[in-house]
Amino acid sequence: MRYLFILLISLSTVTVYGQSIKLFSGDMDAINVKITSTNYRGKNCVRLIGSDYNATEMAVLKKIVFKNGTIEVDVSGDRIPGTDISFRGFIGLAFRVQTGDSLKYEIFFIRPTLARDENQLRRNHAVQYMAAPDYTWPVLRKDTPGMYETYADMVPGEWIHLKIKVENQKAWLYVNNASQPTLIVNDLKLKNSNGALALWIGPGTDGYFSNLNVSSQQ
């Protein structure tokens, strides 16, 4: 009976809630992006176009604080026509975003134009984890090759479903409703922090976001 009482006390300290987030430009703080509401490939969504290819480009959701839980979102990213071929349609979702004196965040993002590349090494860069500002993808790729990036099949310009599960210092990314995680990170770089969520694009990307759902556990 004593152990049951302790278990009930422990469970009572955990708050779990789930919500579907309607994405409106007025509910976000734009950082080097233009945000518009639109319909793309049959989904109501927001569109992000970057304004500074040399800086972080994201839209921070104003009213969400996230530490642990599950985030799901549909994204579609492609290279803006006429931009440099090195731009890959980078698009993803940042979590535990901190916008104080310096911008800090963790993120899973994808490079859709690499997924069906004829070069296998480039295919292996289609999915990426990083943490700004200290653990950018060039740093992680140099120091721990292959540890924080991998392959998943996807098509630029089409809707791609991302699911991110976060538990303290671990995170799992699932792509397109896969039953097994595409990428596992066992040492999130911002440790056990909390913060906002943000829609994120990389340079030269035409990005769309829809169907954001958050189940948060504090």
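For the tallies below, Ala, Val, Leu, Ile, Met, Phe, Trp, Tyr, Cys and Pro count as nonpolar, Asp, Glu, Lys and Arg as charged, and the others, Gly among them, as polar.

**View 1. The second largest pocket of this predicted model, and what lines it.** With that split in hand, the lining sorts into five nonpolar residues, seven polar and one charged. The pocket itself has a volume of about 220 Å³. Its lining runs to 13 residues, and the ones closest to the centre are Ile 21, Lys 22, Leu 23, Asn 44 and Cys 45. Four elements put in two or more residues each: β1 (16-21), β3 (33-40), β4 (43-50) and β15 (205-217). Strand β15 gives the largest share, with four residues.

**View 2. The largest pocket, with its aromatic and other residues around the centre.** This one holds about 300 Å³ of space. Zoom in on the middle and you'll find Tyr 105, Met 130, Trp 137, Trp 200 and Pro 203, the closest to the centre of the 18 lining residues. As for the make-up of the lining, 13 residues are nonpolar, four are polar and one is charged. At least two lining residues apiece come from β8 (103-110), β9 (127-132), α3 (137-143) and β14 (196-201).

**View 3. Asn 68 and its polar partners.** Asn 68 sits in strand β6, which spans residues 68-79. It counts as buried because its relative accessibility is 11%, and the cut-off for buried is under 20%. The Asn 68 side chain has a polar contact with the side chain of Arg 96, at 3.0 Å. A polar atom of that same Asn 68 side chain also lies 2.6 Å from the backbone nitrogen of Asn 168. Leaving out residues up to four places away in sequence, Asn 68 touches Arg 96, Val 166, Glu 167, Asn 168, Ser 215, Ser 216 and Gln 217.

**View 4. Residues 1-16, where confidence drops.** Over the protein chain, pLDDT averages 89, and 92% of the residues score at least 70. Residues 1-16 are another story: pLDDT stays under 50 along this stretch. The model still gives residues 1-16 eight contacts beyond four places in sequence. Where pLDDT is low, predicted coordinates shouldn't be read in detail.

Technical notes. Residues numbered from 1 in each chain as written. Predicted model: local features only at pLDDT ≥ 70, side-chain atom pairs only at ≥ 80, totals over all residues. Heavy atoms only, no water. 1 Å grid on protein atoms, 1.4 Å probe; cavity = no way out; pocket = protein on both sides within 12 Å on 5 of 7 lines; lining within 4 Å. Points joined across faces, edges and corners; volume = space filled by probe spheres on them. pLDDT = per-residue confidence, 0-100. Contact = heavy atoms within 4.5 Å. Buried < 20%, exposed > 50% of the residue type's maximum accessible area, 1.4 Å probe, protein only. Polar contact = N/O pair within 3.5 Å; in protein donor to acceptor, adjacent residues only side chain to side chain.
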